[in-house]
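Visitor: I am new to reading protein structures. Could you walk me through one, feature by feature?

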Amino acid sequence: MRLLGRSRLTARILFWVICTSVLVFSVVTAFTIWQEREGMFLKAQEDAGRNVSRNIAAISIALWNFDKITLDATLLALTQSGSIVRAEVRDPQQMVSEVERVDQRGKPDAEWEVPILGPDDSRQIGTLKISESYAGVRDFVAATIATRLVSELTKIGGLAALLFIVIYSVIARHLQTLAREVSNLKPGDVLTPVRLQRKKVWRDELDTLVESINRFRSERADAEDALWATRSELARVTQMTTMGQMAASIAHEINQPLGAIVANSNAGLRWLAHEPSDIAEARAALKQIADDGHRASEVIGSIRSMFKKDGHEKTLLDLNDLVRDVLTMADAELRTQRVFASTELHEGLPQVLADRVQLQQVFLNLIMNAVEAMGSVNDRARLLRVRSEIHDASGILVTVEDSGMGIDTKDRDRIFDAFFTTKSTGMGMGLSICRTIIEAHDGRLWASAGTPYGSTFSIALPTADASGKS
Amino acid sequence: MKAQPEPQSVVFVVDDDASMREAMQRLFRSVGLQAEVFASAAEFLRSKLADVPCCLVLDVRLPGLSGLDFQTELAKANIQVPIIFMTGHGDIPMTVKAMKAGAIEFLPKPFRDQDMLDAVRVGIARDRARREGERAIADLRAKFATLTPREQEVMGFVTAGLMNKQIAGEMQLAEITVKLHRGSVMRKMGAKSLADLVRMADDVGIRKKS
């Protein structure tokens, strides 16, 4: 029954098969039995008629001779078997003989009379009255119906069981497998082709279906891969472009006062070289140079404060969600670099008040750094682990660990400096910006050596409650 | 003060940075160049410019119209002034675009003063040459305008390389009349030889293709 419950399709097929066969078999059986009953009635009547006509001569002679004993004996013989339950003989005036079967109950079903003729066949000397009862036939038919019913029901039951086994093993269980597999499909799953538990490939509709599902899955997986690749490429390009634009803007802002300083000092030198020197012009130039120097310094100060501004939109965030989002963003990169990423996220982490995009950048940067650090690792697994936990009373600690090359001890203090890089392609701004962002959130970012190898970057951030109070 | 080496020339500086403008003006003044400064392209266009040899020192990044767009606008308006670009942060495509559009020089800030002064001198020299060329052509046009219609027609045929006889045929004149016209054309245009006249016809732009 549990199987039936699981396979509603089989249950429906069985229901209709059983209903239809019960109906058809009942009609056919009823019709057959009715016909048989009719035949049996006819036969009983015929038998009775034949019995009477066989004995009518003896009855006639016995009545003619008025031999009552023979008459009684003959009538008894008539009523002994078959449908005749009662026989009586009367001459025109009176009842001569009457015999009734002892077990007869109720009224007879049919009564008929036969004239008794004399020896010369010319004159009626009496009447034979016959009473018939078909109770025997009825009893027989009733018994037959019961037997038939049981046998038909057994047949139907057997057929249904057989049908169930066949349908379930040939179709339904495979359909169940397919339905389960297809409904479990999720984007980004590791791809294992759907396989049916069949002895061999029959090349029937089911196999075609499985084949097309598998093809569809692999095509979809390819498309997903391409999509992820494009997306992460886009994220990287956007980051690069933003960095480039920022660099251009900074360069412009600083080169402006620098240009003025250089032009002024050159002009000043030229005024001093005149004969005679024009001290007033040279002094004005020098004053201008001092002003521009201050201006350049202010530009740099404003760039620094740009990262510290509270103007960014801070919202309540669940760091676990953020970590998961970033891992999804980096998924394509992790996959192509064959990095196995795992998380140990403390559930029910208190929320933090932070700028989502900035924190995403920080985590993405740390994860990408980890992936790059593992790029040359071939003799051990490339493992990336992100953990979150509650850190003392009012903070959250998130660590990003890798099994990469680790950080040289002498570099450990410098990696957060701007323009310090160990990579051949890199501006050396990533970790510096990361630390600026985290510090702008009243948090801390530091690096330590991993055990037994690799490195660990830790971020401590105050919870929303704690930062609200401070 | 030294005698001004180029008394009748002016450098226009367009830069949105006041300090930079002042520094530029001081630098040009120290070598005796007259400089006029503007904060934006619009301000430059609004001002009445002296008709003397000049050149334009333009910052790429300007409020409103950018330096490169301004260059395009000037070219469209047929204002031919040599341009020297300077920029706080320039990239190669920007430089290429500016140079292709006819800029004299593309200087990143901060620049060496000598580079800027050299570029400005080149620009002014180029503008002066252009102005002189234009003036010569204007003279020629004035002389050409003094010719009678007949003489102008004869000059066209002559410079196209036709012989007097052929011109007479074309214009249905006597050969002697053509000769007379030709003589007065040479005199009025101040041409010393036929080759001279042909060059003048080229400059004025009336020479027919033979």
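## Reading the interface and the salt bridges

Guide: Gladly! Across the interface of chain A and chain B there are 4 salt bridges. Keep in mind that this is a predicted model.

Visitor: What is the idea behind a salt bridge, and which side chains meet in one with a 3.4 Å distance from N to O?

Guide: Side chains of opposite charge can pair when their charged atoms come close. Here, Glu281(A) meets Arg26(B) in a salt bridge, at 3.4 Å from N to O. Besides the salt bridges, you can look at polar contacts: 11 residue pairs are in polar contact between chain A and chain B, with both residues at pLDDT 80 or more.

Visitor: Which helices of chain A each supply at least two residues of the side that touches chain B?

Guide: Those are helix 5 (205–273) and helix 6 (279–308). Helix 5 of chain A gives the most to that side, with 16 residues. Sorted by kind, the residues of chain A that touch chain B are 10 nonpolar, 9 polar and 4 charged.

Visitor: How do people describe the size of an interface?

Guide: The size of an interface is often given as the accessible area lost when the parts come together. Between chain A and chain B, about 2,100 Å² is buried, and carbon and sulfur atoms give 52% of this area. In chain A, the residues that lose the most area to chain B are His252(A), Gln256(A) and Arg270(A), together 29% of what that side buries. As for residues, the contact takes 23 from chain A and 23 from chain B.

Visitor: Now inside a chain. Is Leu178(A) buried or exposed?

Guide: Leu178(A) counts as buried because its relative accessible area is 5%, and the cut-off for buried is under 20%. You will find Leu178(A) in helix 4 (residues 135–183) of chain A. Leaving aside residues up to four places away in sequence, Leu178(A) touches Val194(A), Leu196(A), Leu206(A), Leu209(A), Val210(A) and Ile213(A).

Visitor: How many salt bridges are there over all chains?

Guide: The count comes to 42 over all chains. One of them joins Arg335(A) and Asp225(A), whose closest N and O atoms are 2.7 Å apart. This pair links distant parts of the chain, with Arg335(A) in helix 8 (residues 331–336) of chain A and Asp225(A) in helix 5 of chain A, 110 residues apart. Arg335(A) is partly exposed at 38% relative accessible area, and Asp225(A) is partly exposed at 35%.

Visitor: Which residue forms a salt bridge with Glu401(A), and where in chain A do the two lie?

Guide: The partner is Arg385(A), with the closest N and O atoms 3.1 Å apart. Glu401(A) lies in strand 9 (residues 395–402) and Arg385(A) in strand 8 (residues 383–391) of chain A, so the pair ties together parts that are 16 residues apart in sequence. Glu401(A) is buried, with a relative accessible area of 15%, whereas Arg385(A) counts as partly exposed at 31%.

Visitor: And in chain B, where do Glu134(B) and Arg130(B) lie?

Guide: Both lie in helix 5 (residues 113–146) of chain B, 4 residues apart, which is about one turn of the helix. Their side chains meet in a salt bridge at 2.8 Å, N to O. Glu134(B) is partly exposed, at 42% relative accessible area, and Arg130(B) counts as partly exposed at 24%. A network of salt bridges links Glu134(B) and Arg130(B) with Asp51(B), Asp127(B) and Arg131(B).

Conventions:
Residues numbered from 1 in each chain as written. Chains lettered and ligands numbered in written order. Predicted model: local features only at pLDDT ≥ 70, side-chain atom pairs only at ≥ 80, totals over all residues. Heavy atoms only, no water. Contact = heavy atoms within 4.5 Å. Buried area = accessible area lost by both parts, 1.4 Å probe. Polar contact = N/O pair within 3.5 Å; in protein donor to acceptor, adjacent residues only side chain to side chain. Nonpolar A, V, L, I, M, F, W, Y, C, P; charged D, E, K, R; others polar. Buried < 20%, exposed > 50% of the residue type's maximum accessible area, 1.4 Å probe, protein only.
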